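Trainee: Please show me how to read a few features of a structure, starting with contacts between charged side chains.

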Amino acid sequence: MSNESPVPDTTPARPTTLSVLFRLAPYVRPVRWPLLGATLATLLALACGLVIPLVTQRILDGPVATHNLSALPVLIGIVLLLGIVEAAAFFTRRKLVARPTTQIEARMRADLYRHLQRLPISFHDQWQSGQLLSRAVSDLSTLRRFMAFAWIFLIVNTVTLIIGLVVLFLLAPLLGLITLCASLPLIAVSTLFESRYKVVSRLAQDQEGDLATTVEESALGIRVLKAFGRGPELLRRFTKQAAELRGTQLRKIRILAFLWAVIIGLPEIGIGCQLGVGALSIAHGTMTIGTLVAAVTVATY
């Protein structure tokens, strides 16, 4: 038996998504109040959108069903008011996030450039300049869009889904169950394809950096290229890298196309089931037309 002790694994642990996001805290903290206000404005807008179907139910089951139009102007006015508030809230969200997120992007670019200036020459010998350029330009723009839109709607859409399901179960438990059954496969499919898309997206990011490196080196060393006649060789390299990037981008498009087909298709199937079950319930007198319209509108929203 060997007496050699096992060699410890010194490979650094891969950071989790949350730990990476926490690195944004120093940049987000100075502008946290405008971002919080934008989140609240979005929640207000989506709340208005969820209330409108309930008012529609009152209109159909009240003035329309009883042919008593005395309350109709008030209900229509409520719908118009909710629509105006919803539009104003979305406008406010965009106004609140525009300046802070661009400030964050500018600060991150300045810090990144300052950090690159401090790094030793050995680091720059190992990293292609095109890769650094890609991260300093496109990657930081992606982070800005994430902070301006993705993380806000990640919170808001989660809350909307929960509240919407509660409203549906209060309106018609069976229709709410149909919507829930259509939502669960969406979560599973989104999780599966998110992992696939992440791999292909990272590959495309690296290929874009390689392509940028080739273009930069060719532009900076144009005199050497012409002196030694290496233009055709660099052209072949560029063409190959561009073709590889195109293939990767097409893989991303195929993944997104299938994902969006599922995202669009499953809810439509659920709404079709809602209409079928709702129509039978109306025929048997266990559901009103207003309830069905409100439930389908909430599910669509």
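Mentor: A salt bridge is called when a side-chain nitrogen of Lys or Arg lies within 4 Å of a carboxyl oxygen of Asp or Glu. Keep in mind that this is a predicted model.

Trainee: How many salt bridges does a search of the whole structure find?

Mentor: The search finds four. One of them pairs the side chains of R109 and E105, with 2.8 Å from N to O.

Trainee: Where do R109 and E105 lie, and how far apart are they along the helix?

Mentor: Both are in helix α4, which covers residues 72–118. They are four residues apart, or about one turn of the helix.

Trainee: Is E105 buried or exposed?

Mentor: The general idea is a cut-off on relative accessible area: under 20% is buried, over 50% is exposed, and partly exposed is in between. E105 has a relative accessible area of 8%, so it is buried. R109 is at 29% and therefore counts as partly exposed.

Trainee: Which residue forms a salt bridge with R114?

Mentor: The partner is D111, and the closest N and O atoms of the two are 2.6 Å apart. R114 and D111 are separated by about one helical turn because they are three residues apart in helix α4. R114 has a relative accessible area of 43%, so it is partly exposed. D111 is also put in the partly exposed class, because its relative accessible area is 27%.

Trainee: What about D206 and R202: how far apart are their closest N and O atoms?

Mentor: They are 3.4 Å apart, and the pair forms a salt bridge. D206 and R202 both belong to helix α7 (residues 173–220), where they sit four residues apart, about one turn of the helix. D206 counts as partly exposed because its relative accessibility is 24%. R202 is partly exposed too, with a relative accessible area of 46%.

Trainee: Which residues are joined into one network by salt bridges that share partners?

Mentor: The network consists of E105, R109 and R144.

Trainee: Now to pockets. What is the general way to find empty space?

Mentor: A probe the size of a water molecule is rolled over the atoms, and this shows where empty space is left.

Trainee: What volume does the second largest pocket have, and which residues lie nearest its centre?

Mentor: Its volume is about 380 Å³. Twelve residues line the second largest pocket, and L21, L24, A25, V28 and W151 lie nearest its centre. The elements giving two or more residues to this lining are α1 (17–22), α2 (25–28) and α6 (129–171).

Trainee: Which element gives the most to that lining?

Mentor: That is α6, with four residues.

Trainee: How do the lining residues divide into nonpolar, polar and charged?

Mentor: The lining of the second largest pocket has ten nonpolar residues, two charged ones and no polar ones.

Trainee: Nonpolar residues can also be listed for the surface. Which residues form a nonpolar patch there?

Mentor: L154, I155, V159 and I163 form one, and together they have about 320 Å² of accessible area. L154 is placed in helix α6. L154 is at 57% relative accessibility, so it counts as exposed.

Trainee: Last, how should I compare separation along the chain with separation in space?

Mentor: Read the two numbers side by side for a pair of residues. R32 and P100 are 68 residues apart along the chain, and their C-alpha atoms are separated by 8.8 Å. R32 lies in helix α3 (residues 32–66) and is partly exposed, with a relative accessible area of 42%.

Trainee: How far apart are the C-alpha atoms of L50 and A299?

Mentor: They are separated by 9.6 Å, with the two positions 249 residues apart along the chain. L50 is in helix α3 and is buried, with a relative accessible area of 8%.

Trainee: And what separates the C-alpha atoms of A243 and T39?

Mentor: The separation is 41 Å, for residues 204 apart along the chain. A243 is found in helix α9 (residues 231–283), and counts as partly exposed at 47% relative accessibility. R246 is also in helix α9; with a relative accessible area of 58%, R246 is exposed. The C-alpha atoms of R246 and Q207 are separated by 9.6 Å, and these residues are 39 apart along the chain.

Technical notes: Residues are numbered from 1 along each chain as its sequence is written. This is a predicted model: local features need pLDDT of at least 70, side-chain atom pairs count only at pLDDT 80 or more; totals for chains, interfaces and linings use all residues. Side-chain values use heavy atoms; hydrogens and water are left out. On a 1 Å grid over the protein atoms alone, a cavity is a set of points where a 1.4 Å probe fits but cannot get out, and a pocket is an open set with protein on both sides within 12 Å along at least five of seven lines; lining residues have an atom within 4 Å of a point. Grid points are joined across faces, edges and corners, and a volume is the space filled by probe spheres set on the points. Ala, Val, Leu, Ile, Met, Phe, Trp, Tyr, Cys and Pro count as nonpolar, Asp, Glu, Lys and Arg as charged, and the others, Gly among them, as polar. Patches are made of residues with over 30% relative accessible area and no salt bridge: like charges are joined within 9 Å, nonpolar side chains (Val, Leu, Ile, Met, Phe, Trp, Tyr) within 5 Å. Accessible areas come from the Shrake-Rupley method with a 1.4 Å probe; for residues, only the protein chains shown count as cover. Buried means under 20% relative accessible area, exposed over 50%, partly exposed in between (1.4 Å probe, protein chains only).
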